[in-house]
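Grab a viewer and something to scribble on. Below are a few exercises, each followed by a worked solution.

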Amino acid sequence: MFHFARVRLYIALVGVLLSFLAWTAQAGDNLGVLGTRPKWKVLEKYQETISHEDFVRLIEGVYCTHGVPPDMITIDEKSARILTNRDSQSFFTLRFAAADTARPVPRLWRPAKSLPAATLEKPLSGLRIALDPGHLGGKWAKMEERWFQVGDGAPVQEGDLVLRVSQMLAPRLKQLGAQVSFVRKDAEPVTLKRPDDFKELARRILIKNGVPQPRQDVLDPTDQEKEKTIRWQSEILFYRYSEIRRRAALVNTKLHPDLVLCLHFNAEGWGDPKNPTLIDHNHLHLLVNGSYLKEELELDDVRFEMVRRLLSRAYDEELPLAETIAGAMAKETQLPAYEYPTANTVTKVGTTGYVYARNLLATRLYRSPVVYCEPYVMNSRDGFARIQAGDYEGTRNINRVERKSIFREYADSVIDGLVEYYREARNERKPQAAAISNRRTKLNGGLEAAAP
């Protein structure tokens, strides 16, 4: 994922035009972009599967950390009353479980503690892992603005970089006993739709949002008004919404993983795209689902998806997984934790300082635990030099430091984190809090030892 300065500018200009757009599919519906009408009756399966205490813990500490309108979710000792549609003033009532009488949570994914003990050689035996290399590669990278080039150097394309990492991970995960699938297996989109399929919807969106006569094409890639063109909007509908929703359908209806690993590289603003600037900052963070904004919760489908995710208890698996992987990645890469400049959109969770809760489409729609990795700043001097060096065995001197291939380092650290977590959870059954505390101690010790 990129944290472009220009993306922040777009958000300021158009008021998060698409993220918070309610597109009416049918009278009374209040849905997100390309969203579908929520099936609230599905939540009946979760009746009396969660206690009042756990529901409040997750609502206040993870999912609604920025607050929630009291008429949207009302909680008492025995139930939660959840708004299903504001226009019709309809509600769903979730009954809490009484003490020690909670029914089993209905879900297709399996938490680590439910898996049988693993062997030393196969700590991931039987685990179903889906690898989701972020974005698109090849000819699509420029459209997504996940592409840059410095001088005569090789172009940097995030979608291709993470695909390479996933291809390194797959055989090693299989050797450790995991059943591995790919959400994206090549540079091509998963969705069968293309930008031209969304031209009319893009035009209607722009008109709805105050552009009465939108231009058809982007005339200049540096034009700050390009987000008001039909082409730019139709491309976003294609790669940001249609693509992720299609990936979610694949994950939820065909792959049924116990864990999805979303693989990304990071970047910061680089100024003129024709002459990008390399920077000194390099960092690492991981994301889990949560930290919904009040504007997002006004959308019926988003609110439904949040409640379903909360009730599945995905977070209770995601957090210790993300914390363990973060510790392994920090130790391997020696990267500091990223600090979000827009803290009002995220919430730091856990104890390592590397993990944030954030509401992203993929982490919300995938109905299994999701760990979303964001190591390395691609346009940092160090990150760029290592990417240009490509893949290689052993180490090389890069910027006066002996370093592994950036791709192997990424894969090694993810493997280390997975092995540590699943060995611990499946065999030793250590209390989670103690395990995280131990990891933090090791992590802090490692970083302090490496400090100049």
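The exercises go from the whole chain to helix pairs, cores and single residues.

Ground rules before you start: this is a predicted model, where local features need pLDDT of at least 70, side-chain atom pairs count only at pLDDT 80 or more, and totals for chains, interfaces and linings use all residues. Residues are numbered from 1 along each chain as its sequence is written, and side-chain values use heavy atoms, with hydrogens and water left out.

**Exercise 1. Take stock of the chain: count its helices and strands, and find the percentage of buried residues.**

Solution. Start with secondary structure: the chain has 13 helices and 14 strands. Those are DSSP runs numbered from the N terminus (helices are H or I, at least four residues; strands are E, at least two). Next, burial: of the 452 residues, 55% are buried. Here buried is under 20% relative accessible area, exposed is over 50%, and partly exposed is in between (1.4 Å probe, protein chains only). Last, contacts, meaning heavy atoms within 4.5 Å: of those between residues at least 6 apart in sequence, 76% link residues at least 24 apart.

**Exercise 2. Work out how helix 2 and helix 8 cross, and what sits where they meet.**

Solution. Begin with the axes, which are lines fitted to C-alpha atoms over the stretch in contact, with angles from 0 to 180 degrees between N-to-C directions. For helix 2 (residues 52-63) and helix 8 (residues 300-312), the axes come within 11 Å and cross at roughly 120°. That makes helix 2 oblique to helix 8. The angle classes are under 35 degrees for roughly parallel, over 145 for roughly antiparallel, 65 to 115 for roughly perpendicular, and oblique for the rest.

Now the hand: the crossing of helix 2 and helix 8 is right-handed. A crossing gets that label if the near helix is turned clockwise from the far one by less than a right angle, and left-handed if anticlockwise.

Finally, the side chains: Phe55, Leu58, Ile59 and Tyr63 of helix 2 meet Met306, Arg309, Leu310 and Leu311 of helix 8. Sorted by type, the contact has seven nonpolar residues, no polar ones and one charged. For the sorting, Ala, Val, Leu, Ile, Met, Phe, Trp, Tyr, Cys and Pro are nonpolar, Asp, Glu, Lys and Arg are charged, and the others, Gly among them, are polar.

**Exercise 3. Do it again for helix 5 and helix 6.**

Solution. The axes of helix 5 (residues 199-208) and helix 6 come within 8 Å and cross at roughly 115°. That puts helix 5 roughly perpendicular to helix 6. The crossing is right-handed. From helix 5, Lys199, Leu201, Ala202, Arg203, Ile205 and Leu206 meet Ile230, Gln233, Ser234 and Leu237 in helix 6. This contact splits into six nonpolar, two polar and two charged residues.

**Exercise 4. Find the residues that touch the most other members of the largest nonpolar core.**

Solution. A nonpolar core is a set of buried Ala, Val, Leu, Ile, Met, Phe, Trp, Tyr and Cys residues joined through side-chain atoms within 4.5 Å. The largest one holds 85 residues, and Phe55, Leu173, Leu261, Leu286, Leu418 and Tyr422 touch the most other members. Helix 12 (residues 406-428) supplies the largest share of this core, eleven residues. Apart from it there is another core, of 37 residues, including Leu206, Ala248, Val251 and Tyr338.

**Exercise 5. Compare the settings of Tyr356, Asn252 and Arg367.**

Solution. Tyr356 is in strand 11 (residues 355-357) and is buried at 3% relative accessible area. Its C-alpha is 6.3 Å from that of Leu286, 70 residues apart along the chain.

Asn252 belongs to helix 6 (residues 230-255) and is buried too, at 13%. Beyond four places in sequence, Asn252 touches Leu365, Tyr366 and Arg367.

Arg367 lies in the loop between helix 10 (361-365) and strand 12 (370-375) and is partly exposed, at 48%. Again leaving aside neighbours within four places, Arg367 contacts Trp109, Asn252, Arg308 and Arg309.

**Exercise 6. What is the sign of phi at Arg313 and Gln334?**

Solution. Recall the background: most residues other than glycine have a negative phi. Arg313, not a glycine, has a positive phi of about 65°, and Gln334, also not a glycine, has a positive phi of about 60°. Arg313 sits in the loop between helix 8 and helix 9 (314-333) and is buried at 12%. Gln334 is in the loop between helix 9 and strand 10 (347-348) and is partly exposed at 35%.
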